[in-house]
Amino acid sequence: QVQLVESGGGLVQAGGSLTLSCQASGSDFSIGAMAWFRQAPGNQRELVAIITRGGISNYADSVKGRFTISRDNAKNTVSIQMNSLKPEDTAVYYCNAAARRYLHQPYSNYWGQGTQVTVSS
């Protein structure tokens with residue numbers, strides 16, 4: 001089993017910045033792509049940013065140019081730097097990782113517990 005623990009959420013004014021971090025743990029697992037999703041009240045969970053093990057990243061149009069995702073493969077961590085935050089960025093942010101124990105297995109999806117980000121206007 002893989003556990004994902006997020007940190008770094010909080011309250012920030014519009015235009016401010018926050019960095020979220022996620023630590024993946026679990027013995028003998030290989031971590032593949034890692035991502036951040038978010039879910040605002042009444043909305044579906046949506047992909048914010050994703051990064052492959054090789055460092056290729058992709059972003060939702062709504063955050064391009066403002067958010068930057070990064071990872072440290074040696075430490076099994078993924079972070080997202082969020083700049084120029086807007087009230088519409090307010091949501092619970094979830095860390096996601098694809099992981100497998102053996103190379104012949106397909107990847108399984110794992111989720112963190114979520115961390116609240118609130119942007120005040």
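Visitor: Are cysteine 22 and cysteine 95 buried or exposed?
Guide: In this predicted model, the two cysteines are judged by relative accessible area, and a residue under 20% counts as buried. Cysteine 22 and cysteine 95 both fall in that class: buried.

Visitor: Which parts of the chain does the disulfide of cysteine 22 and cysteine 95 tie together?
Guide: The structure holds 1 disulfide, and cysteine 22 is joined to cysteine 95 with an S to S distance of 2.1 Å. Cysteine 22 belongs to residues 18–25 and cysteine 95 to residues 91–100, so the linked parts are 73 residues apart in sequence. The two elements are strand E3 and strand E9.

Visitor: What is the handedness of the disulfide between cysteine 22 and cysteine 95?
Guide: Handedness is read here from the torsion about the S-S bond, which is about -85 degrees. The disulfide of cysteine 22 and cysteine 95 is therefore left-handed.

Visitor: Where is asparagine 76 found, and what is its phi?
Guide: Most residues other than glycine have a negative phi. Asparagine 76 lies in the loop between strand E7 (67–72) and strand E8 (77–82). Its phi is positive, near 55 degrees.

Visitor: Why does asparagine 76 count as partly exposed?
Guide: Partly exposed residues lie between the buried limit of 20% and the exposed limit of 50%. Asparagine 76 counts as partly exposed because its relative accessibility is 23%.

Visitor: What is the relative accessibility of serine 84?
Guide: Serine 84 sits in the loop between E8 and E9, and its phi is positive, near 50 degrees. This serine counts as partly exposed, with a relative accessibility of 41%.

Notes: Residues numbered from 1 in each chain as written. Predicted model: local features only at pLDDT ≥ 70, side-chain atom pairs only at ≥ 80, totals over all residues. Heavy atoms only, no water. Disulfide = S-S within 2.5 Å. Helix = DSSP H or I, 4+ residues; strand = E, 2+ residues; numbered from the N terminus. Buried < 20%, exposed > 50% of the residue type's maximum accessible area, 1.4 Å probe, protein only.
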